[in-house]
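Please look through the model below with this note beside it. The points are meant to be read in order, with the structure open.

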Amino acid sequence: MSKSAAFIHHQKFLQWKQIIADRQASGLAIVEYTRLHHISRQRYYYWLRCIREEMLEKYADAVQQAVESVTRGRLQKMFVWIYGSWLSFQDFKHFRFLPQ
């Protein structure tokens, strides 16, 4: 990805992060919010997934260290709430979004 493409992606990322925060603060369902603001639901879900993945990457090490210090390595599976969705960690090498 070129520097300009990366910059544009980052700007969109920040814009969508704000849109998603606004939707959550509004209390509206995603369907209602996207219809009211003339936003494609597919695009909303695409950026929601991108943001969740970024947050997961950003905080995975910190969560792993905290849990390991508490459980002393006995952890098999853990669930973390990130941007409106539960994520399942298994040995912190793999994760998956759980159905809402």
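1. His38 is exposed, because its relative accessible area of 76% lies over the 50% cut-off. In this predicted model, the residue sits in the loop between H2 and H3, and its phi is positive, at about 55 degrees, although His38 is not a glycine. When you look at that loop, it is worth finding this residue and checking its backbone angle against the value given here for His38, about 55 degrees.

2. A second positive phi belongs to a glycine: Gly27, which follows H1, has a phi near 80 degrees. His38, by contrast, has its positive phi without being a glycine.

3. For the overall plan, the protein chain holds three helices and three strands, and from the N terminus on they are arranged as α-α-α-β-β-β. Of the 100 residues of the chain, 32% count as buried. The accessible surface comes to about 7300 Å², and 54% of that surface belongs to carbon and sulfur atoms. Where contacts join residues at least 6 apart in sequence, 44% of them join residues at least 24 apart.

4. Does the length of H1 agree or disagree with what its number of residues leads one to expect? With 24 residues at 1.5 Å a residue, H1 should span 34 Å, and its end C-alpha atoms are 35 Å apart, so the two values agree. The helix covers residues 3–26, and its buried residues are Phe13, Trp16, Ile19, Ile20 and Arg23.

5. Other residues of H1 are less covered. Lys12, which is found in H1, has a relative accessible area of 42% and is therefore partly exposed. Its C-alpha atom is separated by 8.9 Å from that of Trp47, although the two residues are 35 places apart along the chain. Gln18 also lies in H1 and is partly exposed, with a relative accessible area of 45%. The side chain of Gln18 is joined to the side chain of Asp22 by a polar contact of 2.8 Å.

6. Thr34, in helix H2, has a relative accessible area of 3%, so this residue counts as buried. A polar atom of the Thr34 side chain lies 2.8 Å from the backbone oxygen of Ile30. Leaving aside residues up to four places away in sequence, Thr34 touches Ile39, Arg41 and Tyr44.

7. Which residues of the largest nonpolar core touch the most other members? This core has 13 residues, and those that touch the most other members are Trp16, Ile19, Ile20, Ile39, Tyr44, Trp47 and Ile51. The elements that give two or more residues to the core are H1, helix H2 (30–36) and helix H3 (41–71). H3 gives the most, with six residues. A student can usefully compare this list with the buried residues of H1, which include Trp16, Ile19 and Ile20.

8. The aromatic rings deserve a separate look. If rings of Phe, Tyr and Trp are paired when their centres lie within 6.5 Å, the count comes to three aromatic pairs. In one of them, the ring centres of Tyr44 and Tyr45 are 5.9 Å apart and the planes stand at 90 degrees, which is over 60 degrees, so the pair is edge-to-face. The two partners are covered to unlike degrees: Tyr44, at 0% relative accessibility, counts as buried, whereas Tyr45, at 42%, counts as partly exposed.

9. Another pair is formed by Tyr46 and Trp47, whose ring centres are 5.2 Å apart and whose planes are at 85 degrees, so this pair is edge-to-face as well. Here Tyr46 counts as partly exposed, at 34% relative accessibility, while Trp47 is buried, with a relative accessible area of 4%. Ring pairs also link Trp16, Tyr44 and Tyr45 into a cluster. Trp16 and Tyr44 appear again among the core residues that touch the most other members, and Trp16 is one of the buried residues of H1.

Notes
Residues numbered from 1 in each chain as written. Predicted model: local features only at pLDDT ≥ 70, side-chain atom pairs only at ≥ 80, totals over all residues. Heavy atoms only, no water. Phe/Tyr/Trp six-rings, centres within 6.5 Å; stacked < 30°, edge-to-face > 60°. Buried < 20%, exposed > 50% of the residue type's maximum accessible area, 1.4 Å probe, protein only. Helix = DSSP H or I, 4+ residues; strand = E, 2+ residues; numbered from the N terminus. Polar contact = N/O pair within 3.5 Å; in protein donor to acceptor, adjacent residues only side chain to side chain. Core = buried A, V, L, I, M, F, W, Y, C linked by side-chain atoms within 4.5 Å. Contact = heavy atoms within 4.5 Å. Areas by Shrake-Rupley, 256 points an atom, 1.4 Å probe, with all protein chains shown as cover. Expected span 1.5 Å × (residues − 1).
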